[in-house]
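Please open the model in your viewer and keep the selection panel at hand. The tour below proceeds from one selection to the next.

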Amino acid sequence: MPDQRLDLDKLHRLAEVYNIATDFWGFNGEHEFVDQETLTSVLAAMGVDAHNDAAIEAALVAKDEAPWRQILPPCVVARNDQDYVVHVHVPHGWNVELGITCEDGSEFAVRQVDDFTPPRTIEGHEIGQASFAIKSGLPLGYHTLHAIVSHSDTDKIAKDSTTLIVTPGRLDNSSLAQHRSWGMMAQLYSTRSAQSWGVGDTDDLLEMASLFGAMGADYLLVNPLHAAEPVEPLSPSPYLPVTRRFFNPMYIRPENIREVAYLSGPERSLITWAAENVKKDSVKNTHIDRDASWKAKREALEVIFKAGRSQAREREFAQYRRNEGQGLEDFALWCALTEYYHGEPFPEELKDVHGRAVAKARASLRDRIDFWAWLQWIMDQQLADAQRAAKAAGMAFGVAHDLAVGVHPEGSDTWTMPDTFARGIGVGAPPDMYNQQGQNWSQPPWRPDALERMDYAPLRDMARTVLRHAGALRVDHVMGLFRLWWIPEGSAASHGTYVRFNHDAMVGVLLLEAYRAGAVVVGEDLGNVEPWVREYLRDRGILGTSIFWFEKDEQGNPLRPEDYRANALVSVDTHDLPPAAGYLAEEHVDLRARLGLLVEPEEEVRAQARHERETVYARLREYGLIGDEPSEREVVEALHVYLTKTPAPLLCVSLVDAVGERRAQNQPGTDQEYPNWKIPLADGTEKVVLVEELAKNPRLLSLMETFTRAFKS
């Protein structure tokens with residue numbers, strides 16, 4: 001706890017130099033001020049002592065002097081369309097030369113420019129600052145910036161180097177201006193076929209990509225496929241993974257693994273028996289049981305893995321492991337340890353990934369590490385198959401992946417890279433009109449200073465893996481590249497503050513990986529977003545997100561389609577709201593009232609919902625899209641036709657809207673109160689809709705005919 005009486009001016013100054021907000025504007029337009037306890041807790045999570053005035057003063061001095069205590073910055077991120085000035089700190093009067101060695105081995109000299117900054121005295125030594133201009137036009141990539149420091153009167157020479165990341169100034173989305181696209185959005189785990197093992201999988205992904213590609217879609221957007229716990233119980237939320245770099249093997253279709261064709265009869269019987277019960281679950285409208293599905297699937301995968309591979313396949317697997325490097329080996333080790341300890345916390349001696357005990361475990365668990373690494377290889381292959389099928393079906397982008405905002409506090413990332421995360425902090429969102437108590441997603445944030453020290457490797461490794469077999473990427477809560485709402489442990493979600501990141505660097509690294517993958521990037525920029533952020537994303541070639549229900553004019557009426565942004569992906573709804581049919585029926589009010597999540601009186605909220613519905617009907621009638629007594633199906637189709645009249649380059653149809661589902665996949669602000677992320681795809685009568693039935697589903701076909709006709713006109 002901080003001392004009761006701190007110098008608030010100095011505390012605020014310290015918070016600001018660490019990019020911690022001391023005040024902010026709430027969703028209701030009120031100016032909010034962050035309390036002292038929150039500021040000191042967030043500073044402590046960054047390793048900064050602010051418990052008294054003396055500690056604050058010392059921290060301010062240390063932060064101010066830090067750049068002067070090293071020759072080069074920890075990492076330099078520059079755009080290729082702008083000059084960038086690097087400040088170098090050397091003993092005053094010494095000479096310094098700066099050069100660049102690129103990824104391909106080419107070299108460039110860096111020209112020094114005038115810098116009249118006075119020298120500083122650091123620990124009795126006079127330190128000067130020299131500045132160098134990195135010119136625009138350098139090749140994109142991860143390069144090395146190196147400095148040679150010397151003194152003309154002595155033989156003393158000092159050397160230093162740092163990573164130079166040259167990123168695109170913007171992604172080129174000119175193709176979208178020439179060829180407007182639409183796609184389908186689906187929750188893969190909920191979208192199952194008769195052959196699914198209780199959970200939608202990569203084969204269902206492939207089938208949907210083929211189907212919707214044939215219908216004219218250019219992409220299929222799915223929920224995050226990041227890795228979950230390796231053993232039961234599994235977290236149901238795809239937005240709470242153990243890592244965002246690797247994938248969840250629960251999505252593997254075992255029968256599609258090549259080695260299954262060569263199994264013996266008894267071995268194939270083991271796979272059939274393992275699948276028998278969970279396959280029956282795929283045709284039932286019961287809550288998705290990930291634990292049962294994964295337990296059965298893991299048993300089958302064990303049989304396939306132990307059967308072995310041909311020499312060529314073994315070499316391919318080995319090459320995959322070499323390409324993925326230490327990150328894969330550490331993740332597989334974490335999985336093996338989690339399996340060994342049945343999901344319980346590791347003993348104290350195993351909490352240091354670089355410790356001696358972990359090295360011994362790495363040797364003793366070699367076979368299990370091989371298994372968990374193999375699962376990632378299989379996922380990689382099946383995702384590649386799905387992307388090939390999508391492109392073969394005519395999709396311009398193919399599979400579009402979703403990038404979650406964070407990871408589980410006790411997952412593999414926090415074990416393998418503990419210094420990257422701020423401990424004792426949860427990420428969430430302040431109160432807004434739909435979540436009036438705020439949200440705490442229980443995820444530890446990256447530390448901005450740690451990312452810089454690590455050359456943004458966690459970000460670039462994650463983006464590279466997710467984009468390997470994708471043509472588009474949706475970044476959930478894209479504000480996380482700019483600022484995140486940090487909530488100290490034990491505090492209410494409303495008692496947090498924003499911590500700002502180096503957004504130029506974060507966005508730049510993401511764009512570099514997207515450029516190399518040839519992918520489009522969409523940022524989910526809903527909620528409490530500063531206007532300049534949307535302008536910045538637009539200038540960098542990242543599309544925003546527009547949701548029909550959130551787009552209002554100054555009178556609170558539905559925004560006219562011609563007034564929508566021209567640089568966004570637009571859809572009717574989002575997974576945090578009921579599908580359109582449910583929303584029109586006030587399901588979002590019923591659910592929040594039932595769960596006690598309303599802040600305002602229920603009748604007021606219900607009256608607001610009814611007024612909103614009437615304004616929607618009025619707007620649709622204004623454009624001639626519905627009559628006086630439209631059916632639910634007609635309204636849902638009209639909403640999608642309405643979106644075709646916007647200038648948005650990307651349109652998105654939700655599969656739940658297409659089949660008439662009413663239930664929400666997720667209710668923010670709940671945990672056990674609602675079966676979040678467990679609702680199987682069903683129609684308005686709650687009859688399960690299977691993947692193989694989609695091509696003949698009357699409601700889907702009707703929406704596709706109406707929507708695509710309007711889209712083409």
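Begin with Glu324, which has a relative accessibility of 6% and therefore counts as buried, the limit being under 20%. Bear in mind throughout that this is a predicted model.

Next, add Arg468 to the selection. Arg468 and Glu324 form a salt bridge, with 2.4 Å between the closest N and O atoms. Colour the two segments involved: Glu324 belongs to helix α8 (residues 311-340), while Arg468 sits in the loop between α13 (457-467) and β18 (472-475), so the pair ties together parts that are 144 residues apart in sequence. Unlike the buried Glu324, Arg468 is partly exposed, at 33% relative accessibility.

**A second salt bridge**

Now select Glu622 and Arg560. Their side chains meet in a salt bridge, at 2.3 Å from N to O. Glu622 is in helix α18 (residues 602-622) and Arg560 is in the loop between β22 (544-547) and β23 (568-571), so this contact ties together parts that are 62 residues apart in sequence. How accessible is each partner, Glu622 and Arg560? Glu622 has a relative accessible area of 43% and is partly exposed; Arg560, at 29%, is also classed as partly exposed.

**A third pair, and a network**

Stay with helix α18 and select Arg606 together with Glu586. These two residues form a salt bridge in which the closest N and O atoms are 2.9 Å apart. Glu586 lies in the loop between α16 (580-584) and α17 (587-594), and Arg606 in helix α18, so the pair ties together parts that are 20 residues apart in sequence. Are Glu586 and Arg606 buried or exposed? Both Glu586 and Arg606 are buried.

Then select Arg245, Glu324, Asp380, Asp461, Arg464, Arg468 and Glu513 as one group: salt bridges with shared partners join these residues into one network. The pair from the start of the tour, Arg468 and Glu324, is part of this network. In total, the model has 52 salt bridges.

**The second largest pocket**

Turn to the second largest pocket, which holds about 1200 Å³ of space. To find its centre, select Lys63, Pro67, Pro74, Glu452 and Asn502, the closest to that point of the 43 lining residues. Which elements should be displayed around the pocket, each supplying at least two residues of the lining? They are α3 (53-65), β3 (75-79), β4 (84-91), α12 (448-453) and α14 (503-517). Colouring the lining by residue class gives 24 nonpolar, 9 polar and 10 charged residues.

Next, colour the chain by its assigned domains, domain 1 (8-66) and domain 2 (82-167). Each of these domains provides at least three residues of the lining of the second largest pocket. The centres of domain 1 and domain 2, taken over C-alpha atoms, are separated by 31 Å.

**An antiparallel sheet**

For the last stop, display β17, β16, β19 and β20 as a cartoon. In that order, the 4 strands form an open sheet with antiparallel pairing. Which strands lie at the edge? The edge strands are β17 (439-440) and β20 (497-500), each of which pairs on one side only.

Finally, centre the view on strand β19 (residues 483-488) and its neighbour β20, which run antiparallel and are joined by 4 bridges. Select Leu484 to see one such position: the bridge partner of Leu484 in β20 is Val499.

Notes:
Residues are numbered from 1 along each chain as its sequence is written. This is a predicted model: local features need pLDDT of at least 70, side-chain atom pairs count only at pLDDT 80 or more; totals for chains, interfaces and linings use all residues. Side-chain values use heavy atoms; hydrogens and water are left out. A salt bridge is a side-chain nitrogen of Lys or Arg within 4 Å of a carboxyl oxygen of Asp or Glu. Buried means under 20% relative accessible area, exposed over 50%, partly exposed in between (1.4 Å probe, protein chains only). On a 1 Å grid over the protein atoms alone, a cavity is a set of points where a 1.4 Å probe fits but cannot get out, and a pocket is an open set with protein on both sides within 12 Å along at least five of seven lines; lining residues have an atom within 4 Å of a point. Grid points are joined across faces, edges and corners, and a volume is the space filled by probe spheres set on the points. Ala, Val, Leu, Ile, Met, Phe, Trp, Tyr, Cys and Pro count as nonpolar, Asp, Glu, Lys and Arg as charged, and the others, Gly among them, as polar. Domain bounds come from an automatic or database domain assignment. Two strands pair if DSSP finds at least two bridges between them.
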